[in-house]
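Me: Please take a close look at one part of this model for me: the contact surfaces. I'd like a connected walk through them, with the cut-offs spelled out as you go.

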Number of protein chains: 2
Amino acid sequence: MATKMMPLLSVLLPIAIAILLSATGVTVANTASAQSHPHPLDSLSAAELTAASAAVHASPFVKARPITIHYVGLNEPEKADVLSYASNPASSSTTLPRHALVIARAGGESHELRVDVTDISAPSVLSDSVHRGAGFPAFTVEEQAAAGALPPTYAPFVESVRRRGLNLSEVGCGVFSKGWFGGEEEARWHGARVAKMQCFVLGGTANFYARPLAGVTLVVDIDRMAVVGYRDRVVQPVPKAEGTEYRADKVGPPFAGPSVAPGVVVQPEGKGFRMDGHVVRWANWEFHVGFDMRAGTVISLATVHDADSGLRRRVLYRGFVSEVFVPYMDPAEEWYFRTFMDAGDYNLGISAFPLQPGGDCPANAAYLDAYYANQDGEPVKVDNVICVFERYAGDVAWRHTEAALANQIITEVRPDVTLVVRMVASTGNYDYILDWEFKTTGTIKFVASLTGILAMQATSYTHTDKIKEDAHGTLVAENTLGIYHDHFITCHLDLDVDGTNNSFVKNSLTPMRNTRDPATGGADTPRRSYWTVRREVAENESDGQVKLNGAPRELLFVNPSKRTKIGNEVGYRLLPGGATATSLLDDDDYPQQRASYTKKQVWVTPYNRSEKWVSGLYAEQGTGNDNLAAWSKKNRRIKDEDIVLWYTLGLHHVPCQEDFPVMPSLSGAFELRPFNFFQSNQLIRTRPPGH
Amino acid sequence: MATKMMPLLSVLLPIAIAILLSATGVTVANTASAQSHPHPLDSLSAAELTAASAAVHASPFVKARPITIHYVGLNEPEKADVLSYASNPASSSTTLPRHALVIARAGGESHELRVDVTDISAPSVLSDSVHRGAGFPAFTVEEQAAAGALPPTYAPFVESVRRRGLNLSEVGCGVFSKGWFGGEEEARWHGARVAKMQCFVLGGTANFYARPLAGVTLVVDIDRMAVVGYRDRVVQPVPKAEGTEYRADKVGPPFAGPSVAPGVVVQPEGKGFRMDGHVVRWANWEFHVGFDMRAGTVISLATVHDADSGLRRRVLYRGFVSEVFVPYMDPAEEWYFRTFMDAGDYNLGISAFPLQPGGDCPANAAYLDAYYANQDGEPVKVDNVICVFERYAGDVAWRHTEAALANQIITEVRPDVTLVVRMVASTGNYDYILDWEFKTTGTIKFVASLTGILAMQATSYTHTDKIKEDAHGTLVAENTLGIYHDHFITCHLDLDVDGTNNSFVKNSLTPMRNTRDPATGGADTPRRSYWTVRREVAENESDGQVKLNGAPRELLFVNPSKRTKIGNEVGYRLLPGGATATSLLDDDDYPQQRASYTKKQVWVTPYNRSEKWVSGLYAEQGTGNDNLAAWSKKNRRIKDEDIVLWYTLGLHHVPCQEDFPVMPSLSGAFELRPFNFFQSNQLIRTRPPGH
């Protein structure tokens, strides 16, 4: 969290990357095999990616060369058209057009092109606009590789390495996004697309981040691919390799840690879900799984079957991780700028690698592949990037034991089985396990589990006794500080609870005093207090922003035009599940301006086609002028509108020694749980186990 | 939450109960088979329960008859003796004496007797004290059955039933603890052990709580077993039986709800844990599982193996659920007193019934039986009351993908397997699934999942449109309100982090301003703010009380005399996981006085042998004068002492239609997670899956 590290002395040109990755499930695809597109939300196929890129290269709009492709993704059809399709896919007489959004840099400009790839043999650029505002698209993999080759060609760096008694061959450097720090820095670098590089000592370990080459910072102009700034500020001991390894064949045998019995989930009747293309059907759920090179997994058109009405009912039009903001808490030269936007700076989808069967996902999982475009516009295939599995965790969906009836004790139980859609984004040192979990109760749960490797700082300290000032972190090993930091994972959730127009309701649990006087609504009993529910419907965006600070409140998304038979508004409840930290940075601090939405966990906005990226479309070095908080200043109406929930999971991370050399998973979650959506518990009329 | 319901017309005398329960895994035990006691914390055996009761009956201390046994439990040996035993069980030359604590009522008094049952053929009462303060022991099962027989013998009640057009045979009543509401009520009932009774219409459903006979309240003197008060205040329609059933053979086939594929966890090499008596050994964990008729599961002497030092290290001396406080939020005559102390009023252990294999616990679970004493002191055996299983939930313990190294992409993963110890307490309408989960990382997680049946109120409303005033609940079905309420589940956690004496550390994450001046600790960078950690060690109990209100804070339990090699204090971190509600009742309200500890989630006290029950030893009609908050007024020292954490999970519950007729599980949890306890992640040197 977050940088793609590239080894210094193996310049990974695209072709080399292709060769390398082919052994690992990541391959430049053969585009000859065209695919059919049964679903308008299917991610772009290899052929479509190729066609989009070809159209951009052939377009008169982009004259400068070279052209670097930074993003190619599905430019989704209008929501109304998709909903129309989804309501009756079989009878859709015409397929919706297939459009790609391409962000490309050429001649120092960021182009945003919309390309029609409906006919892959004749793709056409529909529009081009040049981005004039702040910020840049994410770094490409190839840019990071190329930047990795610069330091050894830069004499002052060579001298720094020699001065430390190291060989150039032992050192690797990575591209670190530099954040945005106002006019002073913009002037210094003339507003160029610059990144910082930090270096590490290789050898003796696969743990790239455990042995920082402290004190050295390079500044690289990524467009020009040249070193434009350099500082060697301080020398620190290089932490030792011993104890940093994590690969099984290096740490054992013998294996000294706790071992557990192998176990595997067996499904005697096979999997319980079907995948028709990218549409998943399981129990009462149906939804579409897409892949976007920036967001990773995209869940769309999630509908749930209602056993009472026999109808499928809409819940979530679209859900995806929009950004992961990770600021570190050391103001020093080599650390102050580490305020990563992991999606905007590096792309979460590209940071996802093939999942390891039996490790990342259980034996009963199915896998999906995905494609993204490299900087030349070639499609790159990633095998097994998403897994789907039924989770038999030993939980109980509902139960009751009744001992009050004559001559019997009744125990009725339904074990819980859920469906998980998982992707893991490895954004440099950190790994984010991102789960969308569907429950037969109608609940959608999002779980983010953080693991991977800490961002570490080399230090002269080998014992805490010697630390006299604020070290900005925990000494997690000799000569190694794990620096304090935060994670803010923001989900974009376009809720369509039983229809498009919804309202956001804040139910406050309000203490009441019992007056003992029936005339004033009191009861003539000695009870003195109780609580009741005060309902507030959010009118505008400013009402839709909530900081969860332990206040007793229930947050609902209701469809004001739909009610249950007995009159309750149908709705879903947002249920936070830990990980509710908000940013502690000052409002005037630059990273906080960029991520100004991180001081409240909940924002609600009216649906707007262009508002997908909470940190802005151009988040890399963005200023925050196109982020969620900026949009919401318009204070638009959100009552009985098509609304979008933005929920930010937050974790403050004070590292500890157990987080070294790889940290155990730490999870945060939230649930969207039906609340008067159904007439009653949907699982009552289900089969008990073994029947 | 909370009442044992007993059918009106089948008076369940103890013998009848024995016959009934024998078919259901709950049986009066044959005490002929004596057991050996290898462990001083083993729960009392059937023979010991019998011996304790016999001694009480034979004791000159208790002269009045009849004697009603309300509680028999292990009177644990001194902690120092247990620790001494545990440190080297093999060489313990003498076994520790076996003592029982018996709470019995006779002649209107509550006796507290300590009985030596080391020699079960010659048990002896060591001491007797008569409780003079407020409160009573829990109701016995037999008392509740006997009370259930009273209403049809009480003419006004017979008239009320007739007036409603019902037959007596259709009606069942349950004993509802009446809470404590100050001197006014005490005077009214002359300080007697009274309970209220509420009645329900039987027939057409196994859902006892779905069809309340509204408006009728009986007051019963439980010691005299006589009706002493009666009110028929209001008549409401009886909700219909249709839609309230939950038994599979009644709701289907056909089964209309979502069905999932059957799946089962298979362990080809067998279970990974061993049980030697009640000591469980699994992976790096070892702990003792006990059973107490009030608390249910008791986890003791939890130690974790340290792969670095090769030593077993102490973590938790004892953990159990101390109380479940459930206040309802309707001040009306029939509801104001519903402020249940589920453990203190009804006993959680006795409320636990045989678990259903494959439903309550997965196929790979092992089961434990338990014994408790009935009111005659006879041992009652409950089969399969606790299950232990390895949980293969598809989670990831840790992982990392490294793409920065030359010519390879490394993915290293360890799937997570945990060990769960589960009991379910069905306290009347509600079911609490209570899990102690052990992780190989060293974490202990406690999870409470709430399911079962809402407490419902009959109402004339059939549609929300007609509701004009505060209904104190949600209309969950026609004529049925689910009343607002809370659940506060308090765990007693005697932490012994790497030794007996620990300190409680509150680490506040504190915003800092970067001065840009190195002389004042600033960095000359444009970063304006960051956070750091301010440490505060709690000196006395008043410092140990924490209300979690979203403040950025990390709570640690450290051993101030133990440090890691690099100098960090060894510790465990308390990590809340949702369900952090606190009570909203006014401080002067009676139920709040009894549960005054529920306004803060965290309390820390010095270990005191007698302080086990957070709501007081005599919680039934207790006043709060012997609760956690009362003890803590002494403001004792807790720094570098043997300390106990009391953590309260809190949930406000606004019911919804999905909670009807049985509610889907809703979970709250917290973790005790090692924090600089180990030198590093214990799972690094473990085998990957399939190796």
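Reply: Happy to. To compare copies, C-alpha atoms of residues with pLDDT of at least 70 in both are superposed by least squares. This is a predicted model, in which local features need pLDDT of at least 70, side-chain atom pairs count only at pLDDT 80 or more, and totals for chains, interfaces and linings use all residues. Residues are numbered from 1 along each chain as its sequence is written, chains are lettered from A and ligands numbered from 1 in the order in which they are written, and side-chain values use heavy atoms, with hydrogens and water left out.

Let's start with the two chains. A turn of 180° with a shift of 0.0 Å along the axis lays chain A on chain B, at an RMSD of 0.0 Å. The two copies are therefore related as by a two-fold rotation axis. Both copies use the same surface, as 100% of the contact residues of chain A recur in chain B. Chain A and chain B contribute 180 residues each to the contact (heavy atoms within 4.5 Å). Together they bury about 14700 Å², with 58% of that on carbon and sulfur atoms; buried area is the accessible area (1.4 Å probe) that two parts lose on being put together, summed over both. Within chain A, the residues that lose the most area to chain B are Arg527(A), Trp531(A) and Ile566(A), which together make up 6% of what that side buries.

Charged pairs cross this interface too: 18 salt bridges are found between chain A and chain B (a side-chain nitrogen of Lys or Arg within 4 Å of a carboxyl oxygen of Asp or Glu). In one of them, Arg563(A) meets Asp465(B) at 2.7 Å, N to O.

Now let's go inside chain A. An automatic or database domain assignment divides chain A into domain 1 (5-131) and domain 2 (283-322 + 380-459 + 486-652 + 667-675). Their C-alpha centres lie 31 Å apart, and each domain gives 25 residues to the contact between them. Domain 1 and domain 2 of chain A bury about 2100 Å² between them, 54% of it on carbon and sulfur atoms. On the side of domain 1, Tyr71(A), Glu76(A) and Lys79(A) supply 30% of the area buried against domain 2, more than any other three residues.

Six salt bridges cross this domain interface. Elsewhere in your view, look for Glu76(A), whose side chain meets that of Arg318(A) in a salt bridge at 2.4 Å, N to O. The side of domain 1 that touches domain 2 draws at least two residues from each of β2 (26-28), β3 (68-74), α3 (79-87) and β5 (109-116) of chain A; helices (H or I, at least four residues) and strands (E, at least two) are DSSP runs, numbered from the N terminus.

Lys79(A) also forms a salt bridge, with Asp496(A) at 3.0 Å, N to O. Lys79(A) lies in helix α3 and Asp496(A) in the loop between β28 (485-495) and β29 (501-513), so this pair ties together parts of chain A that are 417 residues apart in sequence. Over all chains, the salt bridges come to 107.

One last stop comes from the record. An unreviewed UniProt entry lists Asp342(A) and Tyr430(A) as "active site" (its positions are in the numbering used here, feature names are shortened, and annotations may be inferred rather than shown by experiment). These residues span 89 residues in sequence, yet no two of their C-alpha atoms are more than 10.0 Å apart, so they gather at one spot. Asp342(A) sits in helix α8 (residues 342-346) of chain A.
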